Amino acid sequence: MKNFLKKFELYLGSICIAVTVVIVIMNVFTRYCLSFTFFWAEEIAVGCFVWTIFLGTAAAYREKGLIGVEAIVTLLPAKVRDIVEVFTSILLLILSAIMFWFSFTYVSTSTKITAALEISYAYINVSIVISFGLMTIYSVFFVIQSFKKAFSSTQDESEVKEPV
């Protein structure tokens, strides 16, 4: 159960991408072989794809798998590199918290509905709020880790725990 909670965004994203693939294949088959399409298929596929993208972004952020520029930072001495990591972690925390707030405000004031199913876009766009919320939580862990690494001379990197 702990492993599931640790990577739940990957599991949920996998379900969303599977739904997207199945619906797209189904709709292509019905279009070319049966000469009709489901009116709702595109909206469901796009919605699930959006969820996949934002959940995947949060998972990649947790694993520190997003693209970064480390060429200059690796040239710095170890202690300076640790200080730069602290400032970078704080900056990312601030940015992800701001994006969380903006996305929450955007979704909570959204009144737009989809054309075919006539459901609120909030159901699709709430994935943005969840993604930046998770990124903010992970950023708090990263700030704590970078502070421990930079200002604790006795602790080595293997003792720093990964975020939940």
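This is a short tour of a few helices and residues in the structure above. Keep in mind that the model is predicted.

Let's start with helix H2, which covers residues 8–33. With 26 residues at 1.5 Å a residue, H2 should span 38 Å, and its end C-alpha atoms are 37 Å apart, which agrees. Several residues of H2 are buried: Glu9, Gly13, Cys16, Thr20, Ile23, Asn27 and Thr30. What lies over them? The cover for the buried residues of H2 includes helix H1 (2–6), helix H3 (41–62) and H5.

Thr30 deserves a stop of its own. This residue sits in helix H2 and counts as buried because its relative accessibility is 5%, under the 20% cut-off. A polar atom of the Thr30 side chain lies 3.0 Å from the backbone oxygen of Asn27, and Asn27 is itself on the list of buried H2 residues. Leaving aside residues up to four places away in sequence, Thr30 touches Ser35, Phe36, Thr37 and Phe38. One of those, Ser35, follows H2 and has a positive phi, near 60°.

Next up is helix H4 (78–108). H4 has 31 residues and reaches 44 Å from its first C-alpha to its last, close to the 45 Å expected at 1.5 Å a residue. On the buried side of the story we find Asp82, Val86, Ser89, Ser96, Ser103 and Val107. Which helix do they pack against? The buried residues of H4 pack against H5.

There is an exposed side to the story too. Trp101 belongs to helix H4, and with a relative accessible area of 52% it is exposed. Trp101 also helps make a nonpolar surface patch of about 690 Å², together with Ile94, Ile98, Met99, Phe100, Phe102 and Phe104.

Between helix H4 and helix H5 (122–151) runs a loop, and that is where Thr114 is placed. Is Thr114 buried or exposed? At 3% relative accessibility, Thr114 counts as buried. Its side chain makes a polar contact with the side chain of Glu43 at 3.1 Å, and also reaches the backbone nitrogen of Glu118 at 3.1 Å. Not counting residues up to four places away in sequence, Thr114 touches Glu43, Ile119, Tyr121 and Ile124.

Here are the three featured residues side by side.

| Residue | Relative accessibility | Status |
|---|---|---|
| Thr30 | 5% | buried |
| Trp101 | 52% | exposed |
| Thr114 | 3% | buried |

Note on methods
Residues numbered from 1 in each chain as written. Predicted model: local features only at pLDDT ≥ 70, side-chain atom pairs only at ≥ 80, totals over all residues. Heavy atoms only, no water. Helix = DSSP H or I, 4+ residues; strand = E, 2+ residues; numbered from the N terminus. Buried < 20%, exposed > 50% of the residue type's maximum accessible area, 1.4 Å probe, protein only. Polar contact = N/O pair within 3.5 Å; in protein donor to acceptor, adjacent residues only side chain to side chain. Contact = heavy atoms within 4.5 Å. Patch = residues over 30% accessible without salt bridge, like charges linked within 9 Å, V, L, I, M, F, W, Y side chains within 5 Å. Areas by Shrake-Rupley, 256 points an atom, 1.4 Å probe, with all protein chains shown as cover. Salt bridge = Lys/Arg side-chain N within 4 Å of Asp/Glu carboxyl O. Expected span 1.5 Å × (residues − 1).
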